[in-house]
Amino acid sequence: MKSFIEYSANTDFPIENLPYGVFTSPKNAQKHIGVAIGDWILDLNVISHLFSGPLLKDKQHVFKDDKLNAFMGLTKAHWIEARNTLQKLLDTSNNKLKNDNDLRQKAFVKQTEATMHVPAHIGDYTDFYSSIHHATNVGIMFRSKEDALMPNWKYLPVGYHGRSSSVIISGTPITRPLGQTLPVEGKYYQV
């Protein structure tokens, strides 16, 4: 595969990796679903009519939403068809998008001009300890250093309830907790 959209050899977003996201831009203040390709975002709302395969021809509306939830609620077969459609549309051998200048002007947005948003409504989720270090650190907070890991940790995945409010776009400034304070000799020190 070779895309008609030019990009550097070390891009994170070649035609083989088209990650979905939700963005706004100076062209449109409404949130749209798009995929990254090189330094660009392809606006799927603008090209939703081109998803004409057997599975997606009646599901084109999912690309007009402002979140990815409806698309993610489809089957793996739908996702594969969407990926194949996108790769075919972006391929140098396909003239449908490549040679339609009006459609290209509407469909492509420079990533540097876009603002990214949380791509899905996250109602709730379960998180898992990602490593022995993660599980140990949390275990020390809740129990003690000597009893940090539960006996079953190495034998079955340990999950915990996550906060949907903690899911944010990379680069969003956050205020981290500064710890607890304890009175020591009439003064407060950070722990």
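This briefing introduces the protein chain above, from its overall build down to a few single residues.

The structure is a predicted model, in which local features need pLDDT of at least 70 and side-chain atom pairs count only at pLDDT 80 or more, while totals for chains, interfaces and linings use all residues. Residues are numbered from 1 along each chain as its sequence is written, and side-chain values use heavy atoms, with hydrogens and water left out. The protein chain holds five helices and nine strands. An unreviewed UniProt entry annotates a domain and an active site on it.

**Overall build**

- Helices (H or I, at least four residues) and strands (E, at least two) are DSSP runs, numbered from the N terminus.
- Read from the N terminus, the order of elements is β-β-β-α-α-α-α-β-β-β-α-β-β-β.
- The C-alpha atoms fill a box of roughly 75 × 40 × 35 Å along the principal axes.
- The radius of gyration of the protein chain is 23 Å, whereas a compact globule of 191 residues would come near 16 Å. This radius is taken over C-alpha atoms, and the globule rule is 2.2 Å times the number of residues to the power 0.38.

**Surface, contacts and charge**

- Of the 191 residues in the protein chain, 30% are buried. Buried means under 20% relative accessible area, exposed means over 50%, and partly exposed lies in between (1.4 Å probe, protein chains only).
- About 12,800 Å² of the protein chain is exposed, and carbon and sulfur atoms supply 54% of that area. The areas come from the Shrake-Rupley method with a 1.4 Å probe, and for residues only the protein chains shown count as cover.
- A contact means heavy atoms within 4.5 Å. Among contacts with a separation of 6 or more, 59% join residues 24 or more positions apart.
- The protein chain has 21 positive and 18 negative charges, and their mean positions are 1 Å apart. Lys and Arg count as positive and Asp and Glu as negative, leaving out His and the chain ends. Each charge is placed at NZ of Lys, CZ of Arg, CG of Asp or CD of Glu.

**The annotated domain**

- The unreviewed UniProt entry gives "domain: Fumarylacetoacetase N-terminal" for residues 16-119. UniProt positions follow the numbering used here, feature names are shortened, and annotations may be inferred rather than shown by experiment.
- This span is 29% helix and 25% strand, and its end C-alpha atoms lie 21 Å apart.
- Asn95 sits in helix α3 (residues 95-98). Asn95 counts as partly exposed because its relative accessibility is 43%.
- Asn17 is 78 residues away from Asn95 along the chain, with 21 Å between their C-alpha atoms.

**Helix α5 and the annotated active site**

- UniProt places the "active site" feature at His134, again in an unreviewed entry.
- His134 belongs to helix α5, which covers residues 132-142. With a relative accessibility of 24%, His134 counts as partly exposed.
- Leaving aside residues up to four places away in sequence, His134 touches Phe128, Tyr129 and Tyr160.
- Ile132 also lies in helix α5, and at 33% relative accessibility Ile132 is partly exposed.
- Beyond residues up to four places away in sequence, Ile132 touches Leu149, Trp153 and Lys154. Ile132 and Trp153 are 21 residues apart in sequence, and their C-alpha atoms are 8.4 Å apart.

**Before the first strand**

- Glu6 is in the segment before β1 (20-25).
- Glu6 counts as exposed because its relative accessibility is 73%.
- The C-alpha atoms of Glu6 and Ile37 are 8.9 Å apart, with these positions 31 residues apart along the chain.
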